[in-house]
Amino acid sequence: MKFNLLILLILTFIIPSAFAEGVSLGATRLIYPTDKSQTAIKIFNNDKKNNFLVQSWVTDKQGNKVDDFIVTPPLFVLNANTDSVLRIVYAGDKNKLPNDREELFYFNAKVIPSLSKEEQELNNSLLVSITTKIKLFIRPNDLNSEASDAAKTLACQLNGKTLQIKNTSPYYVNMVNVSINNKEVSKAETIAPFGNVSIAIKSSGSEIKYSFINDYGVQVNNNTCKL
């Protein structure tokens, strides 16, 4: 018995930039200053034969789609061996956004491969799409400090078997490879502006080191947290 079956399998990867063979984003994060009308990101299809259908949208920290953002084009075909630009516009009321700190959203891009003529003729076809998401920071333009200095303002405190890290800046800080006396205690931590995180530790120490990811997606190593 023959079935005409098309299965859409959505795989979501937090690791950005490479989310389908031959397709990549031009950045690992987006910064959207509130005094700008839009921000943009390039998307590349380095596959020399296959086209891909690309669908994009913006979600909040809970994964809910945010209608205040408009992505253009929201759905289009990215032809083989070409690139395109996706533009993100905040169409909501900017006065409702916080003016003393960053706000975090996520840019999502789903890539669906095209089926060859031979695959379209098959009775049973498997179509696999892959969705990636990267951080999208809405940044007030009149903050009284620099984003590059945010990680330097972190304050650490050891309370028994808990390491507490406080972010005293108005920017999100993306920490990686947090260690105490060269023993890793956390692979990654995202700390909200003026927020803090608590990390369970097995042993104490006096030297707390970490790396952080800057606005360009570059990992900056060998930073020491103040106790």
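Student: Where is the place of Asn 181?

Tutor: In this predicted model, Asn 181 sits in the loop between S14 and strand S15 (183-191). The backbone at Asn 181 has a phi near 50°, which is a positive value in a residue other than glycine.

Student: What makes Asn 181 partly exposed?

Tutor: The relative accessible area of Asn 181 is 35%, and since the partly exposed class covers values between 20% and 50%, Asn 181 belongs in that class.

Student: Why does Phe 194 count as partly exposed?

Tutor: Its relative accessibility is 38%, and buried would require a value under 20% while exposed would require one over 50%, so Phe 194 counts as partly exposed. Phe 194 is placed in the loop between S15 and strand S16 (196-200), and although it is not a glycine, it has a positive phi of about 60°.

Student: What puts Pro 33 among the partly exposed residues?

Tutor: Pro 33 has 25% relative accessibility, which is not under the 20% that buried demands, and therefore Pro 33 counts as partly exposed. Pro 33 is part of strand S4 (residues 29-33), and its C-alpha atom is separated by 9.4 Å from that of Glu 102, a residue 69 places away along the chain.

Student: How do you know that Cys 156 and Cys 225 form a disulfide?

Tutor: The sulfur atoms of Cys 156 and Cys 225 are 1.8 Å apart, and because the cut-off for a disulfide is a sulfur pair within 2.5 Å, the two cysteines qualify as one. A search of the whole structure finds one disulfide.

Student: Why is the disulfide of Cys 156 and Cys 225 assigned its handedness?

Tutor: The torsion about the S-S bond is about 100°, so this disulfide of Cys 156 and Cys 225 is right-handed. Cys 156 lies in strand S12 (residues 155-159), whereas Cys 225 lies in the segment after strand S18 (219-224), so the pair ties together parts that are 69 residues apart in sequence. Both Cys 156 and Cys 225 are buried.

Student: What makes strand S17 largely enclosed by the rest of the structure?

Tutor: Five of the six residues of strand S17 (residues 208-213) are buried, so the strand is largely enclosed by the rest of the structure.

Student: How do you know that S17 pairs with S18?

Tutor: S17 and S18 are joined by four bridges in the antiparallel sense, and because at least two bridges suffice for pairing, the two strands count as paired. Within this arrangement, Phe 212 has Val 220 in S18 as its bridge partner. The hairpin of S17 and S18 has five residues between the strands, and Gly 217 there takes a positive phi near 80°. Strand S14 (residues 173-180) is also joined to S17 by four bridges, and these strands run antiparallel, with Ile 180 standing opposite Ile 208 in S17.

Student: Which residues form the covered and uncovered faces of strand S8?

Tutor: In strand S8 (residues 75-78), Phe 76 and Leu 78 make up the covered face, while Leu 75 and Val 77 make up the uncovered one. Strand S6 (residues 52-59) pairs with S8 in the antiparallel sense over four bridges, and Gln 55 stands opposite Leu 75 in S8. Pro 73 is in the loop between strand S7 (69-72) and S8, and the peptide bond from Thr 72 to Pro 73 is cis, with omega near -10°.

Student: Which residues have the most contacts inside the largest nonpolar core?

Tutor: That core has 25 residues, and those with the most contacts inside it are Ile 41, Ile 43, Val 58, Phe 69, Ile 88, Phe 107 and Leu 136. Strand S10 (residues 103-113) gives the most to this core, with four residues. A second, separate core has 20 residues, among them Ala 151, Ile 165, Ile 199 and Cys 225.

Student: What is the pLDDT over residues 1-18?

Tutor: The mean pLDDT of the protein chain is 88, and 85% of its residues reach 70 or more. Over residues 1-18, however, the pLDDT is below 50, and this stretch has 40 contacts in the model beyond near neighbours in sequence. Where pLDDT is low, predicted coordinates should not be read in detail.

Notes:
Residues numbered from 1 in each chain as written. Predicted model: local features only at pLDDT ≥ 70, side-chain atom pairs only at ≥ 80, totals over all residues. Heavy atoms only, no water. Buried < 20%, exposed > 50% of the residue type's maximum accessible area, 1.4 Å probe, protein only. Core = buried A, V, L, I, M, F, W, Y, C linked by side-chain atoms within 4.5 Å. pLDDT = per-residue confidence, 0-100. Contact = heavy atoms within 4.5 Å.
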